[in-house]
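Work through the exercises below with the sequence and the 3D view at hand. Try each task before reading its solution.

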Amino acid sequence: MSIQQTDVLYTAVATAESGRDGRVATDDGRLDVVVNPPKEMGGSGSGTNPEQLFAAGYSACFQGALGVVARQEKADISGSTVTTRVGIGRNSDGFGLIVEISATLPNLDEATARALLEKAHQVCPYSKATRGNISVTLA
């Protein structure tokens, strides 16, 4: 379900120069990085790339969603990590993305961990934004 402009609590602002082979920075200066295509895509690989930035944002957001559902379920996720792998490749209309999310939840049995991941995937804003648009799997 979409939110309305009046519901916005925070807006991140970033500006890119020269697309995939340039620089991207936030308006507050907290993020200012060189971006280059990875070597696998013919680039220098000397900077970060949009897929790494997306993976970083998605993993942080998903970890937050995991915390929300863990509190609701009274589950201990201390010491947990979330890893997001974002792949880019050719598809029928140019390029597309594919995502795999995995988590380490050392204080939970496998069934409980899996159930929490599924619930987090339903509430995570990144998961909601990508649902039906790209393949996202929970590993």
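**Exercise 1. A lysine in a loop**

Does K74 count as buried or exposed, and at what relative accessibility?

Solution. Keep in mind that the model is predicted. Place the residue first: K74 lies in the loop between α1 (50-73) and β4. Next, take the cut-off: exposed means over 50% relative accessible area. K74 has 75% relative accessibility, so K74 counts as exposed. Now check the backbone. Phi of K74 is near 55°, a positive value in a residue other than glycine. That deserves a second look, because most residues other than glycine have a negative phi.

**Exercise 2. Another positive phi**

Find the loop that holds S18, and describe the strands around it.

Solution. S18 is found in the loop between β1 and β2. Strand β1 covers residues 14-17 and strand β2 covers residues 22-26. They pair in the antiparallel sense over 4 bridges. To fix the register, start at A14, which stands opposite T26 in β2. The hairpin has 4 residues between the strands. Within this hairpin, S18 takes a positive phi near 65°. Its relative accessibility is 60%, so S18 counts as exposed.

**Exercise 3. Taking stock of the fold**

Count the helices and strands, then give their order.

Solution. The count comes to 3 helices and 6 strands. From the N terminus, the order is β-β-β-α-β-β-α-α-β. For overall dimensions, use the C-alpha trace: it spans about 45 × 35 × 30 Å along its principal axes. For burial, use the whole chain: of the 139 residues, 32% are buried.

**Exercise 4. Strand β5 and its two partners**

Which strands does β5 pair with, and in which sense?

Solution. Take β4 first. Strand β4 (residues 81-91) and strand β5 (residues 94-104) run antiparallel, joined by 11 bridges. A hairpin of 2 residues connects β4 to β5. Then take β6. Strand β6 (residues 135-138) runs parallel to β5, with 4 bridges between them. Here I101 has L138 in β6 as its bridge partner.

Now look at one pair across β4 and β5. R85 has E100 in β5 as its bridge partner. The side chains also meet: E100 forms a salt bridge with R85, with the closest N and O atoms 3.7 Å apart. This pair links distant parts of the chain, E100 in strand β5 and R85 in strand β4, 15 residues apart. E100 counts as partly exposed at 31% relative accessibility. R85 is also partly exposed, at 45%.

**Exercise 5. A nonpolar patch**

Which residues make the nonpolar surface patch of about 310 Å²?

Solution. The patch is made by M41, I88, F95 and L97. Take I88 as the worked case. I88 lies in strand β4. Its relative accessible area is 30%, so I88 is partly exposed.

**Exercise 6. One face of a helix**

Why do the buried residues of helix α2 line one face?

Solution. Check the helix length first. Helix α2 (residues 110-123) has 14 residues and should span 20 Å at 1.5 Å a residue. Its end C-alpha atoms are 20 Å apart, which agrees. Next, list the buried residues: A113, L116, L117, A120 and H121. Seen down the axis of α2, the buried residues fall within an arc of 140°, so they line one face of the helix.

**Exercise 7. Salt bridges**

How many salt bridges does a search of the whole structure find?

Solution. The search finds 7. The principle is simple: side chains of opposite charge can pair when their charged atoms come close. Go through some cases.

- K119 forms a salt bridge with E73, the closest N and O atoms being 2.8 Å apart. The pair links distant parts of the chain: K119 is in helix α2 and E73 in helix α1, 46 residues apart. K119 is partly exposed at 37% relative accessibility. E73 is partly exposed at 42%.
- D28 and R30 meet in a salt bridge at 3.9 Å, N to O. D28 is partly exposed at 44%, whereas R30 is exposed at 76%.
- E17, R23 and D32 are linked in a network of salt bridges.

Definitions and conventions:
Residues are numbered from 1 along each chain as its sequence is written. This is a predicted model: local features need pLDDT of at least 70, side-chain atom pairs count only at pLDDT 80 or more; totals for chains, interfaces and linings use all residues. Side-chain values use heavy atoms; hydrogens and water are left out. Two strands pair if DSSP finds at least two bridges between them. Patches are made of residues with over 30% relative accessible area and no salt bridge: like charges are joined within 9 Å, nonpolar side chains (Val, Leu, Ile, Met, Phe, Trp, Tyr) within 5 Å. Accessible areas come from the Shrake-Rupley method with a 1.4 Å probe; for residues, only the protein chains shown count as cover. A salt bridge is a side-chain nitrogen of Lys or Arg within 4 Å of a carboxyl oxygen of Asp or Glu. Buried means under 20% relative accessible area, exposed over 50%, partly exposed in between (1.4 Å probe, protein chains only). The expected span of a helix is 1.5 Å times one less than its number of residues. The arc is that of the directions from the helix axis to the C-beta atoms.
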